[in-house]
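Dear colleague,

I am handing over the structure below for your consideration. An account of what was found in it follows.

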Amino acid sequence: MEEFEVSDASKKTKTIYISTIFSIALVLLMLGALGLILVHAKNLSNYVKENIVLNIIVDEGAKEADVLQFQKELNGNQAVKQTQYVNKELAARNLTQDLGEDFVNFLGYNPLLSTVDVYMKAEYANTQGIEKLKKNIQNNPLVKEVIYQSSLIDMVNKNVNAIGLVILGFAVILLVIAVALINNTIRLAIYSQRFLIKSMQLVGATKNFIRKPFMLYASLHGLLSAFIAIIILLAMLFYAQKEIPEIVILRNYTEFGIVFLALIVIGIFITGISTYFAVSRYLRLKIYDLYR
């Protein structure tokens, strides 16, 4: 009979720990999903900014060798990600393909000018950064005109800032909720062990000795929960990239690694801290309070 009771209690304890692990994993999954959304939003923002084109119209009398040297100087600028030289012949061919007819034969000459298309780094792709670069470029005698869509840049930056604030606010709220949910889950799991905790204390075990196994188990549960959440997130990423192949351009393994590492740290830290305080609470209680 006694063996049956011990076995039954052991099964209940295992069931509680398993449910605790999966509950924490679901909370970490929400945090991880939000982290991946933040990463993709940041990468999407950078992608959009780095594809804003600054068109430099080259003077018609400029020699190609001088233009190529000018392009090389632009590539050395810290604000420039890359440049592309489009001579007037290539520009004519591109426009002919877009129009579907040969406008050069119709006009009898090529009215287009050579251009250098400048793509800036994301951190410099704002009105101040572009205007600063534009002033430096216009001082060059090879440059006839510099064109860019200032309204588009302002709109992109405003929308990115607004979306960033919304996501950040949502992240803070979700983090608070996650901490509360994990803490409550741990407290419920420790509640089932309150008599064991008090029994160990009554036979002379020190508080640190009692806490140690619970802390170790909590850290292990946090680690397992994080791994479960990471596996599900990887499956979600794989499915998303399969359904939307274009999302590959936003992929950044370093940032993904940081998100996954953060999940492991958060899982271990929150479960460890919650367990510490939950066990300490029952260590302070009187025996008759355990039944309340």
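A residue is called buried when its relative accessible area is under 20%, exposed when that area is over 50%, and partly exposed in between. Leu133, with a relative accessible area of 4%, is therefore buried. Please bear in mind throughout that this is a predicted model.

**Overall arrangement**

The protein has 9 helices and 4 strands. Read from the N terminus, its elements follow the order α-β-α-β-α-α-β-α-β-α-α-α-α. Of its 292 residues, 37% count as buried.

**Buried leucines and their distant partners**

Leu133, introduced above, belongs to helix 5, which covers residues 127–138. Its C-alpha is 9.0 Å from that of Val80, although 53 residues separate Leu133 and Val80 in sequence.

Leu54 is a further buried residue, and is found in strand 1. Its relative accessible area is 2%, a value under the 20% cut-off, and Leu54 is therefore counted as buried. Leu54 and Gln149 are 95 residues apart in sequence, yet their C-alpha atoms lie 8.2 Å apart in space.

An exposed residue can also have a partner that is distant in sequence, as the next case shows. Glu60 is located in the loop that runs between strand 1 and helix 2 (64–75). Its relative accessibility is 61%, which is over 50%, so Glu60 counts as exposed. From Glu60 to Leu113 there are 53 residues in sequence and 6.3 Å in space, C-alpha to C-alpha.

**Strand 2: a salt bridge and two polar contacts**

How many salt bridges does the structure hold? The structure holds 1 salt bridge. This salt bridge is formed by Lys81 and Glu50, whose closest N and O atoms are 2.9 Å apart. Lys81 is in strand 2, whereas Glu50 is in the loop between helix 1 (2–49) and strand 1 (53–58), so the pair ties together parts that are 31 residues apart in sequence. Lys81 has a relative accessibility of 48% and counts as partly exposed, because this value falls between the two cut-offs.

Strand 2 comprises residues 80–86, and Thr83 is found there as well. Is Thr83 buried or exposed? At 15% relative accessibility, Thr83 counts as buried. Its side chain takes part in polar contacts with the side chains of two residues, Gln71 and Asn75. The contact with Gln71 has a length of 3.2 Å, and the contact with Asn75 has a length of 2.8 Å.

**Helix 9: a buried serine and an exposed arginine**

Helix 9 spans residues 253–284, and Val265 is one of its residues. Ser280 is also found in helix 9. With a relative accessibility of 6%, Ser280 counts as buried. Which side chain does Ser280 join through a polar contact of 2.9 Å? The partner is the side chain of Arg211. In addition, the side chain of Ser280 reaches the backbone oxygen of Tyr276 at a distance of 2.7 Å.

Arg284 lies in helix 9 too. In contrast to the buried Ser280, Arg284 counts as exposed, at 58% relative accessibility. Arg284 and Lys198 are 86 residues apart in sequence, while the distance between their C-alpha atoms is 9.2 Å.

**Patches on the surface**

Two surface patches may be of interest to you, one charged and one nonpolar. The patch of positive charge gathers Arg187, Lys207, Arg281 and Arg284. Among these, Arg187 is placed in helix 6, which covers residues 150–191. Arg187 has a relative accessible area of 35% and is therefore partly exposed, whereas Arg284 is exposed, as stated above.

The nonpolar patch is formed by Leu261, Val265, Phe269, Ile273, Tyr276 and Phe277. Together these residues present about 610 Å² of accessible area. Val265 in this patch has already been placed in helix 9, and Tyr276 is the residue whose backbone oxygen the side chain of Ser280 reaches.

With kind regards

Note on methods. Residues are numbered from 1 along each chain as its sequence is written. This is a predicted model: local features need pLDDT of at least 70, side-chain atom pairs count only at pLDDT 80 or more; totals for chains, interfaces and linings use all residues. Side-chain values use heavy atoms; hydrogens and water are left out. Patches are made of residues with over 30% relative accessible area and no salt bridge: like charges are joined within 9 Å, nonpolar side chains (Val, Leu, Ile, Met, Phe, Trp, Tyr) within 5 Å. Accessible areas come from the Shrake-Rupley method with a 1.4 Å probe; for residues, only the protein chains shown count as cover. A salt bridge is a side-chain nitrogen of Lys or Arg within 4 Å of a carboxyl oxygen of Asp or Glu. Lys and Arg count as positive and Asp and Glu as negative; His and the chain ends are not counted. The place of a charge is taken as NZ of Lys, CZ of Arg, CG of Asp or CD of Glu. Helices (H or I, at least four residues) and strands (E, at least two) are DSSP runs, numbered from the N terminus. Buried means under 20% relative accessible area, exposed over 50%, partly exposed in between (1.4 Å probe, protein chains only). A polar contact is a pair of N or O atoms within 3.5 Å; within protein, one must be able to donate a hydrogen and the other to accept it, and residues adjacent in sequence count only if both atoms are side-chain atoms.
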